[in-house]
Amino acid sequence: MQKSKSNGRYILLFVILISALLALMLWSISTGSVSIPFREAWNILFHRSGQTGETYYTVIHEIRIPRVIAASLLGGALSVSGFLLQTFFGNPIAGPYILGISSGARLVVALTMVFLLSRGIMTTPAVMILAAFIGSMLAMGFVLAVSFRIKNMSLLVVCGIMIGYICTAVTDLVVTFADDSNIVNLHNWSLGSFSGISWSNVRLMVVLTGIVLVFTFLLSKPIGACQMGESYARNMGVNVKRLRIILILLSSFLSAIVTAFAGPISFVGVAVPHLMKMLMKTARPLVLIPGCFLGGAIITLFCDDMSRLLFAPTELAVSSVTAILLAPVVIIMMVRRKGGRDD
Amino acid sequence: MTEKKADSRILRAEHLKAGYAHRVIVDDVSFDLYPGEIVTLIGPNGAGKSTLLKSIIRQLPVFSGTVYLEGESMARMKDSCIAEKMSMVMTQRLHPEYMTCRDVAATGRYPYTGRLGILSEEDWGIVDEALQMMHADIVANQDFTKVSDGQRQRVMLARALCQQPAVLILDEPTSFLDMRFKLDILSGIRKMARERKLAVLMSLHEVDLARKVSDQILCIQNGKAVRSGTPEEIFAGNYIQKLYGVEEKCFDSRLGMMNLPADAGDPAVFVICGGGTGIGTFYALQRKNIPFAAGVLYENDIDYAVASSVAGTVVSARAFYPVPEDCLEAAKKLIDKSEKCLCTLTGFGPYNEVNRILKEYARKTGKLQEQKE
């Protein structure tokens, strides 16, 4: 009885989240520095009216749709990545940005770009993703090495933040001293932005994140067991060692994809899983993985909209918006957790 | 008897050696566990009870020796296969987020659910039945982190039961629980073992309870299984006191009663008592560190059982025999040496003349402190 009631609740929440995401996507497509009347946007989207050459058509098809899809997809991927990291470390304040994984990815991508550009080679998205993945894994390796020595969760986060700082500093150096006109591009990217994403990029990220997310979703059951702690998970028949390696790879890969295309985006990974837990009143991965994806998509898309609308035509870095919106969530959550627990 | 049912052994450890990274904690332990039987590990703190249990559930590495589960070496079994045969409740605390007690218990169905871990109607039926059996159904829909330790332990046992194991491993299932939960949980375990033919291996700190609930007791000391047997065998003589390294007088192995060591020195107070009336006075004197003597007590008197561990001297007489004259004389001498005398008896029956005489003697010598009515 109890179960069917909460199942109904989940279904209702999913319907609401999906509708909200779709509505926000439509709104995002029609607004911007070039404001397009909603009816016009609707026609262009669904009735294929308009020509390739028309301004509205071009703006919508070549700029806004890819950007909106990228922001939602990557935001979703980021918060799933955060959820996996939180499960892995059993640490509520873990996230790809906080643990320095995004910054590690960014550093290696920046180095790769500068290296290739200096030789006159254009980077392809595949190379970027690979570089980002290597960077993620390197930073992750550091965090893991620390986590073996330090069992204290807060110290682990502090270490992650330090790793993040080091990577950011080195990246800034590289970006500052690389003198190439293309570096302007790199500078934008290194702040975190969804602008300038092409359709071919979108296709690649849909395929990659799609595969990783489906795979992650299919692991809901063992991930749920992991939330009960290692020994219970093991007693339930989970190969904990293997699962942990898979979790590391999946979360690093997800944040690598995000960083490769959009640069480091702060706080989505750490805050969204908590917001979704609070909203859905569950931590079950089966519900929360899709929930985090939808929540991350909505919040990131909204933040991206704010970044381009607030001071249009000047664009803010997405991270500025996500930080203002989501960092307080993390603080509130930490305070509440401290107060609510007796040991 | 053991030989007869040897082939039905469900869990068997042979020369088990285990511990942490570079430290052997459990050394050469062997035991057998049969369906429907409770085997309890007792022994001092740090003896290796938890380590032994953790190595059996494969949380810690086994250095050498073998554990057989249903005749198969556990080292060669897959985790998922073990999960259907063995479940556990350890001392480590859980902090699941947004999970009701029912959800926590339901995680025990893990090995039996499909790819996505969705429970069927039947699974939920099993969960609710387990919760009921452990009397945890009243908290089923409450947040697991917000219920009391006792309720939590009931839920964890229900969870273990949901896994439908043949063997249940419990590490100190009654620690931190109040009397009611201790009794409730142990009788629950007893019931599970009997009704479901479950083999239970657990560690307990309460030796008196271990005696009441176990079929076999395994004594662990310094990582070795120093003795095993039925509770009757283990509790014979003063073995328990030796095992825990306490003074012989501090534990009454017949009653399972623990007492603080008696104060040394000449008795300052003599207590005339009997039939359980003196126990309160004994402890009151002991609390104030006043050495005392008690008498005259028959050896089958409940006061005698307590006095013999907390009183400096006890004047006693063999049960069902007349009290010999020298007993009275010995008691009188003790009263002479004491500063005062207390009498907890309110009346003297025809077979308790000796204590009536003793009280008269105390009154005459002016040592008797009259009890306030």
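A residue counts as buried if 20 or more other C-beta atoms lie within 10 Å of its own, with C-beta atoms placed from the backbone. By that criterion, 44% of the 373 residues of chain B are buried. The model is predicted. This briefing covers the overall form of chain B, one of its sheets, and the side of the chain that touches chain A.

**Overall form of chain B**

- The domain assignment splits chain B into domain 1, residues 6-250, and domain 2, residues 269-369.
- The centres of domain 1 and domain 2 of chain B, taken over C-alpha atoms, are 46 Å apart.
- The radius of gyration of chain B is 27 Å, whereas a compact globule of 373 residues would have one near 21 Å.
- The C-alpha trace of chain B spans about 90 × 45 × 40 Å along its principal axes.
- Chain B contains 13 helices and 17 strands.
- Among contacts in chain B with a separation of 6 or more, 64% join residues 24 or more positions apart.

**The five-stranded sheet**

- Chain B has an open sheet of 5 strands in the order 15-14-13-16-17, with parallel pairing.
- Strand 15 (313-317) and strand 17 (368-369) of chain B are its edge strands, each pairing on one side only.
- Strand 13 (residues 269-272) and strand 16 (residues 340-343) of chain B are joined in the parallel sense by 4 bridges.
- Within this part of the sheet, Val271(B) has Leu342(B) in strand 16 of chain B as its bridge partner.
- In general, strands of a sheet pair through backbone hydrogen bonds, either parallel or antiparallel.

**Helices on the sheet**

- Helix 10 (residues 279-287) of chain B packs on the sheet and touches strand 13, strand 14 (292-298) and strand 16 of chain B.
- The direction of helix 10 of chain B makes about 165 degrees with that of strand 13 of chain B.
- Helix 11 (residues 302-310) of chain B lies across strand 14 and strand 15 of chain B.
- Relative to strand 14 of chain B, helix 11 of chain B runs at about 150 degrees.

**The side of chain B that touches chain A**

- The contact between the chains involves 25 residues of chain B and 22 residues of chain A.
- On the side of chain B that touches chain A, the elements giving two or more residues are helix 2 (79-83) and strand 6 (86-89) of chain B.
- Helix 2 of chain B gives the most to this side, with 4 residues.
- By residue class, the side of chain B that touches chain A has 13 nonpolar, 7 polar and 5 charged residues.

Note on methods
Residues numbered from 1 in each chain as written. Chains lettered and ligands numbered in written order. Predicted model: local features only at pLDDT ≥ 70, side-chain atom pairs only at ≥ 80, totals over all residues. Domains from an automatic or database assignment. Rg over C-alpha atoms; globule rule 2.2 N^0.38 Å. Buried ≥ 20, exposed ≤ 12 C-beta atoms within 10 Å, placed from the backbone. Contact = placed C-beta atoms within 7 Å. Pairing = 2+ DSSP bridges. Axes fitted to C-alpha atoms, helices over the stretch in contact; angles between N-to-C directions. Nonpolar A, V, L, I, M, F, W, Y, C, P; charged D, E, K, R; others polar.
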